[in-house]
Structure formats: structure tokens, C-alpha cells
Amino acid sequence: MATYFNQDCPLCDNPAEYGEVDDGNVKYFECPHCGMFQISIGAEKNLAKELSHRKAAYSMHVKQTPHDNLFSIRLPVHEFRQRSDDRLQAEYAPKSELSLTCR
Ligand SMILES: [Zn+2]
């Protein structure tokens, strides 16, 4: 039985719920305003501080999520850093490539 937690959405600040995936490194949010998305613990910290001006845009992306995808916000992985110097890797990912089972 998965555990869910209440927390204000890191994108729109409305009350939302999340479950933990990826051994607790990623929060799988369900926000009544934005929708479903995933954000890693590290990315959430960045977004709350120096990148907070992006929250509204990310919320829009979540609302427009294509079928069978999730908007995923992470700290950049190595391959991403080779094509971008962005401090967050925020993009749609097929659900099949993500961890979806909350612990
Ligand atoms: Zn939200």
C-alpha cells in the first residue's frame, strides 16, 4: 500500500498530493490545478529558490502533457548537459521510461 503525502504544489502553490518514486528521490505529484507530474528532490529545491520564476511556465507544460507522458523535472543528467547548460532538465517523458509505483 503506497503512502501519499499532502504538500502544496511546487508549481502553483495549491494543496496537492504526492507519492514517492525512485527510492524517494522523486515526488510523483497529483495537483488538482496542474495535473500529474514528477519532480526530483534536488530539482524542487532549485525551483523553490533561484528558478522560482519558471513555476508558472512549468505548470502550463504539465497541463499540456501528451497522452501516456509525464512532465518530468530533474537535475540534469550527463547526456542532457552535453546539449544544454540549463540547470534543470524539464521535459515530457513517456510513462514507460519513468518509475510510477509509489512506495
Ligand atoms: Zn499545481
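The following exchange asks how several descriptions of this predicted model are justified.

Student: What makes the chain as compact as a globular protein of its length?

Tutor: The radius of gyration is 13 Å, and the globule rule gives 13 Å for 103 residues, so the chain is as compact as a globular protein of that length. Its C-alpha atoms fill a box of roughly 40 × 30 × 25 Å along the principal axes.

Student: What secondary structure does the chain have, and in which pattern along the sequence?

Tutor: The chain has three helices and six strands. Along the sequence they follow the pattern β-β-β-β-α-α-β-α-β.

Student: Why are S1 and S6 said to stand at the edges of the sheet?

Tutor: The open sheet has the order S1-S2-S3-S4-S5-S6, with mixed pairing. S1 and strand S6 (89–94) each have a single partner strand, so one side of each is left without a neighbour in the sheet. From one strand to the next the twist averages 30°.

Student: What makes the pairing mixed?

Tutor: S3 (residues 26–31) and S4 (residues 35–40) are antiparallel over six bridges, whereas S4 and S5 (residues 69–74) run parallel and are joined by three bridges. Both antiparallel and parallel pairs are therefore present, and two strands count as paired from at least two bridges.

Student: Which residues are bridge partners in these pairs?

Tutor: Between S3 and S4, glutamate 30 has methionine 36 as its partner. Between S4 and S5, phenylalanine 37 is partnered by phenylalanine 71, and isoleucine 39 by isoleucine 73. S3 and S4 also form a hairpin, with three residues between them.

Student: Why is leucine 11 called buried?

Tutor: Leucine 11 has 28 other C-beta atoms within 10 Å. The cut-off for buried is 20 or more, so leucine 11 counts as buried. Leucine 11 lies in the loop between S1 (4–8) and S2 (15–21).

Student: What is leucine 11 in contact with, apart from its neighbours within four places in sequence?

Tutor: The contacts of leucine 11 are Cys31, Cys34, Lys55, Tyr58, Ser59 and Val62. Leucine 11 and glycine 35 are 24 residues apart in sequence, with their C-alpha atoms 10 Å apart in space.

Student: Why is aspartate 22 called partly exposed, and aspartate 23 exposed?

Tutor: Aspartate 22 has 16 other C-beta atoms within 10 Å. A residue is exposed at 12 or fewer and buried at 20 or more, so aspartate 22 is partly exposed. Aspartate 23 has 8 C-beta neighbours inside 10 Å, so aspartate 23 counts as exposed.

Student: What makes the phi of these two residues worth a remark?

Tutor: Most residues other than glycine have a negative phi. Aspartate 22 has a positive phi of about 55° although it is not a glycine, and aspartate 23 also has a positive phi of about 55°. Aspartate 22 is in the loop between S2 and S3, as is aspartate 23.

Student: How do you know that the buried residues of H2 are on the same side?

Tutor: The buried residues in H2 are Tyr58, Ser59 and Val62. They cover an arc of only 105° around the axis, which puts them on the same side of H2. On the other side of H2, Ala56, Ala57 and Met60 are exposed. What covers the buried residues of H2 includes S4, S5 and S6.

Student: Which residues of the largest nonpolar core touch the most other members?

Tutor: Among the 20 residues of this core, they are Phe29, Phe37 and Ile73. S2, S3, S4, H1, helix H2 (55–63) and S5 each supply at least two residues of the core, and S3 gives the largest share, four residues. Beyond its neighbours within four places in sequence, phenylalanine 37 is in contact with Phe29, Val62, Leu70 and Phe71.

Student: Where does helix H1 lie, and at what angle to S4?

Tutor: H1 (residues 41–48) lies across S3, S4 and S5, running at about 100° to S4.

Student: How many of the residues count as buried in the chain as a whole?

Tutor: Of the 103 residues, 25% count as buried. Among contacts with a separation of 6 or more, 47% are between residues 24 or more positions apart.

Terms used
Residues are numbered from 1 along each chain as its sequence is written. This is a predicted model: local features need pLDDT of at least 70, side-chain atom pairs count only at pLDDT 80 or more; totals for chains, interfaces and linings use all residues. Two residues are in contact if their C-beta atoms, placed from the backbone, lie within 7 Å. Axes are lines fitted to C-alpha atoms, for helices over the stretch in contact, and angles run from 0 to 180 degrees between N-to-C directions. A nonpolar core is a set of buried Ala, Val, Leu, Ile, Met, Phe, Trp, Tyr and Cys residues joined through C-beta atoms within 7 Å. The arc is that of the directions from the helix axis to the C-beta atoms. The radius of gyration is taken over C-alpha atoms; the globule rule is 2.2 Å times the number of residues to the power 0.38.
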